[in-house]
Amino acid sequence: RFVGTVRLASNTSWMEKHGPDALNYLTMTLNAKVYDVCKRTDLQHAPKLSLKTGNRVLLKREDQQPVYSFKIRGAYNRIVNLSAEEKAKGIAACSAGNHAQGVACSARALGISAKIFMPKTTPEIKVSAVRSHINAESEVILVGDTYDAAYAATVACIEEEGRVLVHPFNDPHVIAGQGTIGAEILAQTTSESVDAVFCCVGGGGLAAGVGMFLKSVKPGVKVFGVEAVDAPSMKASLDAGQVVELPSVGLFADGAAVRKVGDETFRLCKMALDDVILVTTDEICGAIKDNFIDTRVILEPAGALAVAGMQKYARENGITGQTFVCVTSGANMDFDRLRFVAERADTSETLIAVEIPERAGAFLPLYKTVFPRNVTEFSYRISGEPARIYMSFQAAGPEDKQHVIDDLRKNGFAPVDLSDNEFAKTHGRHLVGGRAPARLTTEEVLIRFEFPERPGSLLRFLEALPSDFNVSLFHYRSHGADVGRVLVALQVPAVRRPRLREYLDSLTSAGYAWAEETENEVYSSFLLEPVDINVSGRTRPQRNPPLTFSSR
């Protein structure tokens with residue numbers, strides 16, 4: 001049986017169950033007019049992801065579109081199908097992201113007037129991207145501080161001027177436009193069998209369009225939607241059996257941060273999706289990194305949802321030897337977000353809190369318990385007995401991680417796994433210790449070190465620390481660079497200052513650069529307890545003068 005030139009599956013049970021809807025959307029997708037402005041994107045094999053997951057992984061590269069996102073497919077298909085009268089009246093849309101670019105580009109290609117409403121709080125990089133695509137008859141209007149306020153202005157414009165709304169997802173033509181991705185996937189895999197396709201879900205237009213096409217033609221292919229765990233609007237709706245509006249959503253995957261899915265996309269996803277997978281921020285960041293290794297393209301968080309969902313599905317279900325397709329849906333990444341992504345992308349890193357005795361030399365046994373695993377972070381500030389420390393290390397896998405934690409517990413370091421503690425990872429690790437009591441910081445010297453970052457460098461640094469110098473502050477964070485940076489406070493009595501100088505000279509000769517920070521105002525303002533000025537006019541009479549020299 002054929003619809004147009006497409007042969008339907010011999011197993012027609014899905015088609016018979018969903019009859020009119022399936023045929024309607026299949027026909028609309030096959031007749032979608034998207035290729036005036038869109039390209040047939042590559043279906044690229046990802047060798048590193050395939051090796052990592054034990055499955056053949058193919059990436060449907062929607063980041064190759066002119067606006068670096070799949071959104072132009074649905075936007076153009078909606079606009080090109082307007083009547084001549086509707087085109088003359090013009091269109092309106094509300095978006096703070098990729099849909100706005102798709103509408104602007106489509107309106108320019110068709111010579112139509114478009115008013116695109118965006119919240120005033122939209123980052124300038126996104127506003128500029130939309131403005132770069134508009135024609136002379138169109139404009140970008142910044143209004144309101146929230147999406148809801150901008151949408152209200154959009155509705156008012158439509159009522160006043162008679163313009164046609166181009167919805168980002170809840171429209172049959174938009175859904176059919178996105179469905180052309182499913183048609184391309186099947187056309188590009190005629191020589192192999194696809195087991196599952198993974199799509200990001202925001203409002204649900206992409207998953208609905210791809211899912212309806214694939215299930216109509218090859219119902220044996222599983223179709224999964226993927227959402228951020230803090231923005232599960234489709235998952236919550238499917239679980240409830242009706243569209244539900246979330247009170248709030250996380251904004252990291254902002255391109256898919258939708259509080260309420262569409263009634264039409266919900267209806268179709270209920271038919272076509274096998275499940276919705278929820279992924280964490282760390283899993284999204286890891287997927288951005290893994291995709292980059294294979295493609296050298298940096299996806300935006302929403303654009304990497306499908307890859308993150310595929311990895312989680314394969315890992316949690318122990319699946320190998322299958323063929324998976326991930327729709328990499330967008331690459332409009334804000335450059336300023338890369339630091340956060342890099343920080344969270346290392347899924348091999350484990351953040352823990354540990355306790356050690358507050359005495360000289362206690363660091364080394366702790367480090368040797370973790371060694372030879374790479375320690376990537378070490379944060380400590382003297383605060384009393386016992387000393388509490390933030391520490392990160394890279395384990396070979398889940399079993400190795402648990403082995404390290406068990407050894408730490410056996411040796412009395414009372415480890416607490418903070419891998420899933422968002423507060424600890426985002427804020428706490430950078431605020432550890434606070435201001436130390438004055439009674440604990442007498443004769444303290446603060447020194448900043450730099451050394452070549454290579455395996456074992458931190459261990460050699462710790463082993464070289466004189467055992468009779470008590471460490472009262474320690475902060476180290478590996479950023480994968482060629483230089484390691486450590487901030488250390490040492491408690492050194494005046495009679496031991498010559499010994500400290502000898503130690504620092506030995507480090508200089510070994511290639512370690514250093515500079516004293518004892519007089520740095522940040523040190524006194526944020527890391528030391530305020531002390532009232534005494535009769536001598538000094539705030540800390542027991543502090544020795546700074547060394548006043550460095551290795552530079």
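Across which strands does helix H12 lie, and at about what angle does it run to S11? In this predicted model, helix H12 (residues 281–295) lies across S3, strand S4 (56–61), strand S10 (222–228), S11 and S12. Its direction makes an angle of about 95° with S11.

The strands crossed by H12 belong to an open sheet of six strands, ordered S3-S4-S12-S9-S10-S11, with mixed pairing. Strand S3 (43–45) and strand S11 (275–279) form the edges, each being paired on one side only. On average, neighbouring strands of the sheet are turned by 30° against each other, direction ignored. Within the sheet, strand S9 (residues 196–200) pairs with strand S12 (residues 323–328) in the parallel sense, over three bridges. Val197 has Val325 as its bridge partner in S12.

Val197 is also among the residues with the most contacts inside the largest nonpolar core, a group that further comprises Phe198, Leu206, Ile284, Met310 and Phe324. This core contains 77 residues, and helix H9 (residues 205–217) gives the most to it, with eight residues. A second, separate core comprises 45 residues, including Val370, Met391, Phe393 and Tyr476.

The surroundings of Phe198 illustrate the packing in the largest core. When residues up to four places away in sequence are not counted, Phe198 touches Phe224, Val226, Ile277, Ala306, Gly309, Met310, Tyr313, Phe324, Val325, Cys326 and Val327. Two of these contacts, Met310 and Phe324, are themselves listed with Phe198 among the residues that have the most contacts inside the core.

Key
Residues numbered from 1 in each chain as written. Predicted model: local features only at pLDDT ≥ 70, side-chain atom pairs only at ≥ 80, totals over all residues. Heavy atoms only, no water. Core = buried A, V, L, I, M, F, W, Y, C linked by side-chain atoms within 4.5 Å. Buried < 20%, exposed > 50% of the residue type's maximum accessible area, 1.4 Å probe, protein only. Helix = DSSP H or I, 4+ residues; strand = E, 2+ residues; numbered from the N terminus. Contact = heavy atoms within 4.5 Å. Pairing = 2+ DSSP bridges. Axes fitted to C-alpha atoms, helices over the stretch in contact; angles between N-to-C directions.
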